[in-house]
Amino acid sequence: MKSESVPAHIDLLPAVADALSMLLEPGRFEDSVPRVLARIGVAAKVDRVYFFENHGDGDRLLCSQRFEWVREGISPQLANPSLQNMSYADVLPELFEAISKGRVFKGLVREIAEPMRASLEEQAILALAVVPVHVAGTFRGFIGFDDCTTERQWADTELDALRAVAAGLGGALVRARSETALEVRADELVKSRRVALSLMEDAQKAVREAEKANRAKSAFLAMMSHEIRTPLNGVIGFTDLLLSEPLSDEQREWVSTIRNCGDALLALISDILDLSRVESGRMEFEQLAFNPADCLRDVVASFAALVRSKGLTLDTRVEDDVPAAVIADPARLRQVLFNLLGNAVKFTEKGRVSVSLNYHSFNGNKGELVCAISDSGIGMSPAEVRSIFEAFGQAHSAIHRQYGGSGLGLAICRSLLEAMGGSISVRSAPGEGSTFTFRLPVRPGQSAPIPSIGHPTPRIEGPGVPLRVLAVDDVPANLQLVSRLLKRLGCEAVTAGDGDDAVECWRSGGFDVVLMDVLMPRRDGIEATREIRRIEAGHPGRSRTWIIALTADAFEENRRRCLAAGMDDFLTKPLRLDTLHAAIERRAASAR
């Protein structure tokens, strides 16, 4: 069974707007609904979309399937007689309990109680989401979304968009029923059309509010990233400098503790930002050739000291069929491996941790890496397993008290893997350990060496290239740190406190590189860069200055904005000596 990435709700918004417009167009309800279901089904990347309408006599409420759209290769169910005149009380009690009260019903079919599960399994459904259609307080039916190829987990933001479709469909349904009885109930038709239009307006307003909320969330996360990374830049940067100085053993232990705390806080904010990027569909993945066995060994090596200190055994097995090179995103694969192996070591007090890496070839151009990480740790109950991949979720509060952690690691693993077309599963039992298995689609590649990031980068000592560098930042501690790092690299550093000062200082000439902060008072780094490029364009004989963005805003949108403004490179805070050295080297290479 393959798994696919879950689309972010922002991808559904244009489709929702189109669907609402279709329902507002003149014409027969029976003609517009199939087009609406097709538009939403394609955008939501599901296998089947359908609409059930309620009916019945007396107190016995029934429902029947009226419309359906299915993806190519999926068996249609519109002609299935068992889906007509279904009794909520007899077949769908669990569903009725939720949607009759206006709640969305969603879940994995294997977790749904009988008799509903049997009906769904007959249709080869693995996961579904059912959105109720309520009009003016009356329960009219529901829209269903089936996944037959993956056990999909719906995000709340996606369901909000689907509620807008349900509201519009409900309004259109009321309008259609009223128009059918136009000859005998002309006055009711006018009232119904007003209700329908009002519901359409409410649905469109919901779409606009969802877009506004998404923009506000992105702005908040970008600001929080900047505000947290800015002080971390000083904490991590200056502890790096202290660790390179002669210290007593006790002082070195204290400084190392400060550094570890800073790294832990940086990892936490990075996890939150990564999870937000994946959920909003803004995570971008690289396609690079790398050796998956080397990638695994790098991650395993980073846990060697911790494993020895706990007295554990760590076994690694790479099967012979694993290619020497595949094409995927090595950084994200390392992130998944690091989180899973870190959990295995953390929750295992004695015994062993085992890691195996296999490869399954589908054809000459496609395959998948299959990695299993097993431990002999505390294990989990079936109920705990069901919630373990939720963001900020841990098995129970005692786990957090004893072992700590944010509960984000497994949520990020699942989100990253699904966004790359992969999947993750777990087998576990209390006291018997756990086995996490993930699958990642890859393509065969040509061997290409990649840098090992599982070991610390050697510190750079002595003079570097003799460059004159203008460092721009509105935080004095950051300027002090950058100046000291540049001095370590053999560069001459001149500082400026904002964009206006930076442009005036740059006018004096003689700068090989500008390290430009982005978010600053008066004139920010984007405006300052544009002004420098404008002046350079007016003086063709003047050499072009290499400008490097140095910002606490790590979002991809900010990187693109900096490069579009005329910057040549992009670094994020906290700044490390080896990262700065690499950027200076890239400038030197471009000048040759």
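This report describes a pair of packed helices and one buried residue in a predicted model.

## The packing of helices α16 and α17

Two packed helices are described by the angle between their axes and the distance between the axes. Helix α16 covers residues 499-507 and helix α17 covers residues 525-538. The angle between them is about 25°, and their axes lie 9 Å apart. Helix α16 is therefore roughly parallel to α17, because angles under 35 degrees count as roughly parallel. The crossing of the two helices is right-handed.

Which residues make the contact? On the side of α16 they are Gly 499, Val 503, Trp 506 and Arg 507. Helix α17 contributes Ala 528, Glu 531, Ile 532, Ile 535 and Glu 536. Sorted by class, the contact of α16 with α17 comprises 5 nonpolar, 1 polar and 3 charged residues.

## The surroundings of Glu 68

Glu 68 belongs to strand β2, which spans residues 60-70. Is Glu 68 buried or exposed? Its relative accessible area is 16%, so Glu 68 is buried, as the term applies under 20%.

Two polar partners of the Glu 68 side chain can be named. The side chain of Gln 65 is joined to that of Glu 68 by a polar contact of 3.5 Å. The backbone nitrogen of Gln 77 is reached by the side chain of Glu 68 at 2.8 Å.

When residues up to four places away in sequence are not counted, Glu 68 touches Leu 37, Arg 48, Val 49, Tyr 50, Pro 76, Gln 77 and Leu 78. Gln 77 thus appears both in this list and as the residue whose backbone nitrogen the side chain reaches.

Note on methods: Residues are numbered from 1 along each chain as its sequence is written. This is a predicted model: local features need pLDDT of at least 70, side-chain atom pairs count only at pLDDT 80 or more; totals for chains, interfaces and linings use all residues. Side-chain values use heavy atoms; hydrogens and water are left out. Axes are lines fitted to C-alpha atoms, for helices over the stretch in contact, and angles run from 0 to 180 degrees between N-to-C directions. Helices (H or I, at least four residues) and strands (E, at least two) are DSSP runs, numbered from the N terminus. Angles under 35 degrees count as roughly parallel, over 145 as roughly antiparallel, 65 to 115 as roughly perpendicular and the rest as oblique. A crossing is left-handed if the near helix is turned anticlockwise from the far one by less than a right angle, and right-handed if clockwise. Contact means heavy atoms within 4.5 Å. Ala, Val, Leu, Ile, Met, Phe, Trp, Tyr, Cys and Pro count as nonpolar, Asp, Glu, Lys and Arg as charged, and the others, Gly among them, as polar. Buried means under 20% relative accessible area, exposed over 50%, partly exposed in between (1.4 Å probe, protein chains only). A polar contact is a pair of N or O atoms within 3.5 Å; within protein, one must be able to donate a hydrogen and the other to accept it, and residues adjacent in sequence count only if both atoms are side-chain atoms.
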